[in-house]
Amino acid sequence: MELLRLLFRNALRHKLRNLLTVIGVGIAVMAFALLRTVVNAWYAGVEASAANRLITRHAVSFVFPLPLAYRDRIAQVSGVDNVTYATWFSGVYIDKNQFFGRLAVDSETFFDVYPEFLIDKEQFETFKRERNATVIGVDIARRYNLKIGDIMTLEGDVYPGTWEFVVRGIYQPRDQSTDPATMMFHYQYVEERVRQEMPQRSGEVGWYIVRIRDPANSAAVSESIDRLFANSRAETKTETERAFQQNFLSSASAVITAMNIMSFLIIGIILLVVANTMVMSARERTHEYAVLKALGFSGPQLFFLVAGESMIISIIGSALGLLVTIPAVEGFQNALPKGWFPIFHLNPETIVLGGVAGFLVGLLASLIPIRRILSTRIVEGLRYVG
């Protein structure tokens, strides 16, 4: 009990210095958690990938379309359970700062292959009956205050012209890794207009999504699909959904790696801040620690005093930083263009990592001063004038 009382008295002795240290640790932890959240948002699509889904795209580049006729041949490949397709529609909704996925899909099969999009059965049946109907994510509905029956007007760019869609369904994401901000509508509706206005582009889709029976056979099934269209005018490249998502991140890999490194460098900064405070405190109390040693205080007891003070400062600072991180993440997301990161939230793993980092930093920061205290002879400590 006396040790605890002495510990807290030491922690409160230099109120201003320790308060500034706590604030510094809090800011560093907040920066660490925010950077980790941004990195996690970049990888959200990768983490949401299903092991039993393959993506078949044009072998040259994703931007080149594939013939719609490929679908039936892909469906006949051994190991394939279901095949659907999608086309990137793009377009502008309200203005160019509004970001969310806009896809023309095969309404009969798309939601079977993507069961993570949860939609009311009645809404889905209505959607399938209306050619210009659309299903939107709950995040889009909240962001633009949309409800069933509302009209969404897009100005086409990839598919020029004015396009009007009626909201007939609002899907809920199955979990936090599912994108809640995608707009999906009938490929057939787009195809009918393309056939009239741009017949040279008729019968083309962006990519195929292939659901397979056994994820362990993904390589063999991918090879079989690509072999079907070898030496054709539109050769294919089939890969797992995870690999497909990672390809999109490859152009930004240097930035993501830099952010990863920076997030852990911040932990080093926290360590230096706390260690500096503890070294100053230990130097000022050299005489006091010498007296305690003379009175019979053991090494573990002195370690408890120094490490305890260091960990109190570090843990309080970490808790403060993590508490501030919650509104900081929301503010950062609000400052970005709408829909820039469809999945942007503070993961429990990031909170745990920040807390563990605070604990370890407090412990490590006490090692240098405790080594100095234990190695200083009592006589030298008593003579010290700081």
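The largest cavity in this predicted model has a volume of about 70 Å³. Ten residues line this cavity, and those closest to its centre are Thr 286, Tyr 289, Ala 290, Ile 373 and Thr 376. Three elements each give two or more residues to the lining: helix H12 (286–294), helix H15 (367–375) and helix H16 (378–383). Of these, H12 gives the most, with four residues. Sorted by class, the lining of the largest cavity holds four nonpolar, three polar and three charged residues.

The count of cavities of 30 Å³ or more comes to two. The second largest cavity has a volume of about 30 Å³. Its lining consists of Tyr 159, Tyr 187, Val 190, Glu 191, Val 194, Arg 201 and Glu 204. Here helix H8 (residues 187–197) is the main contributor, giving four residues to the lining. By class, this second lining has four nonpolar residues, no polar residues and three charged residues.

The table sets the two cavities side by side.

| Cavity | Volume | Helix giving the most to the lining | Lining by class |
|---|---|---|---|
| Largest | about 70 Å³ | H12, four residues | four nonpolar, three polar, three charged |
| Second largest | about 30 Å³ | H8, four residues | four nonpolar, no polar, three charged |

Turning to the whole chain, the protein has 16 helices and twelve strands. The chain contains 386 residues, and buried residues make up 46% of them. Among contacts with a separation of 6 or more, 80% are between residues 24 or more positions apart. The chain exposes about 19,400 Å², of which carbon and sulfur atoms supply 60%.

One residue can be followed in detail. Ser 281 lies in helix H11, which covers residues 253–284. Is Ser 281 buried or exposed? Its relative accessibility is 1%, and the cut-off for buried is under 20%, so Ser 281 counts as buried. Which residues does Ser 281 touch, leaving out those up to four places away in sequence? They are Arg 17 and Glu 309. Ser 281 is also 9.6 Å from Arg 13, C-alpha to C-alpha, although the two residues are 268 residues apart in sequence.

Technical notes
Residues numbered from 1 in each chain as written. Predicted model: local features only at pLDDT ≥ 70, side-chain atom pairs only at ≥ 80, totals over all residues. Heavy atoms only, no water. 1 Å grid on protein atoms, 1.4 Å probe; cavity = no way out; pocket = protein on both sides within 12 Å on 5 of 7 lines; lining within 4 Å. Points joined across faces, edges and corners; volume = space filled by probe spheres on them. Nonpolar A, V, L, I, M, F, W, Y, C, P; charged D, E, K, R; others polar. Buried < 20%, exposed > 50% of the residue type's maximum accessible area, 1.4 Å probe, protein only. Contact = heavy atoms within 4.5 Å. Areas by Shrake-Rupley, 256 points an atom, 1.4 Å probe, with all protein chains shown as cover.
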